Amino acid sequence: MVESVAQSAGVTEVTCNVINEFDDSRVGTVSFSLTSADNPYEYTLITDSVEYIEN
């Protein structure tokens, strides 16, 4: 589930919550940054991170 999208100086930063499909609890976060590029996808990945919540 997308939590936020922010754009600044040509960089798009996206933060998403990872949700457990059985009880709708949040089990982690995925974040990544993109910039425009001249390729078939029109974007290039700058950074990414995955964080899991330990129960």
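Let me open with a question: with which side chain does the side chain of Gln7 make a polar contact? Keep that in mind, and I'll come back to it in a minute. Before anything else, please remember that what you see here is a predicted model.

Okay, the overall picture. This protein has four strands and zero helices, so reading from the N terminus you simply get β-β-β-β. As for how spread out it is, the radius of gyration is 13 Å, and the globule rule for 55 residues gives 10 Å, so the protein is more spread out than a compact globule. If you take the C-alpha trace along its principal axes, the span is about 40 × 20 × 15 Å. Buried residues are 15% of the 55. The accessible surface is about 4,500 Å², and carbon and sulfur atoms account for 50% of that.

Now, how do the strands go together? They make an open sheet in the order E1-E2-E3-E4, and the pairing is antiparallel. At the edges sit E1, residues 2-8, and E4, residues 43-52, each of them pairing on one side only. On average, neighbouring strands in this sheet are turned by 15° against each other, if you ignore direction.

Let's look at one pair. E3 covers residues 26-36, and it pairs with E4 in the antiparallel sense over nine bridges. If you'd like to find a particular spot there, go to Ser33: its bridge partner in E4 is Thr47.

While we're on E4, have a look at Asp48, which lies in that strand. Is Asp48 buried or exposed? Exposed, because its relative accessibility is 57% and the cut-off for exposed is over 50%. Leaving out residues up to four places away in sequence, Asp48 touches Ser31 and Phe32. And from Asp48 to Thr15 you count 33 residues in sequence, with 9.8 Å between their C-alpha atoms in space.

Right, back to the opening question. Gln7 sits in strand E1, and its side chain makes a polar contact with the side chain of Thr12, at 3.5 Å. Gln7 is exposed too, with a relative accessible area of 63%. Its C-alpha is 9.4 Å from that of Leu34, although the two are 27 residues apart in sequence.

One last number, on contacts across the chain. Take the contacts with a separation of 6 or more: 12% of them are between residues 24 or more positions apart.

Definitions and conventions:
Residues are numbered from 1 along each chain as its sequence is written. This is a predicted model: local features need pLDDT of at least 70, side-chain atom pairs count only at pLDDT 80 or more; totals for chains, interfaces and linings use all residues. Side-chain values use heavy atoms; hydrogens and water are left out. Two strands pair if DSSP finds at least two bridges between them. Helices (H or I, at least four residues) and strands (E, at least two) are DSSP runs, numbered from the N terminus. Axes are lines fitted to C-alpha atoms, for helices over the stretch in contact, and angles run from 0 to 180 degrees between N-to-C directions. Buried means under 20% relative accessible area, exposed over 50%, partly exposed in between (1.4 Å probe, protein chains only). A polar contact is a pair of N or O atoms within 3.5 Å; within protein, one must be able to donate a hydrogen and the other to accept it, and residues adjacent in sequence count only if both atoms are side-chain atoms. Contact means heavy atoms within 4.5 Å. The radius of gyration is taken over C-alpha atoms; the globule rule is 2.2 Å times the number of residues to the power 0.38. Accessible areas come from the Shrake-Rupley method with a 1.4 Å probe; for residues, only the protein chains shown count as cover.
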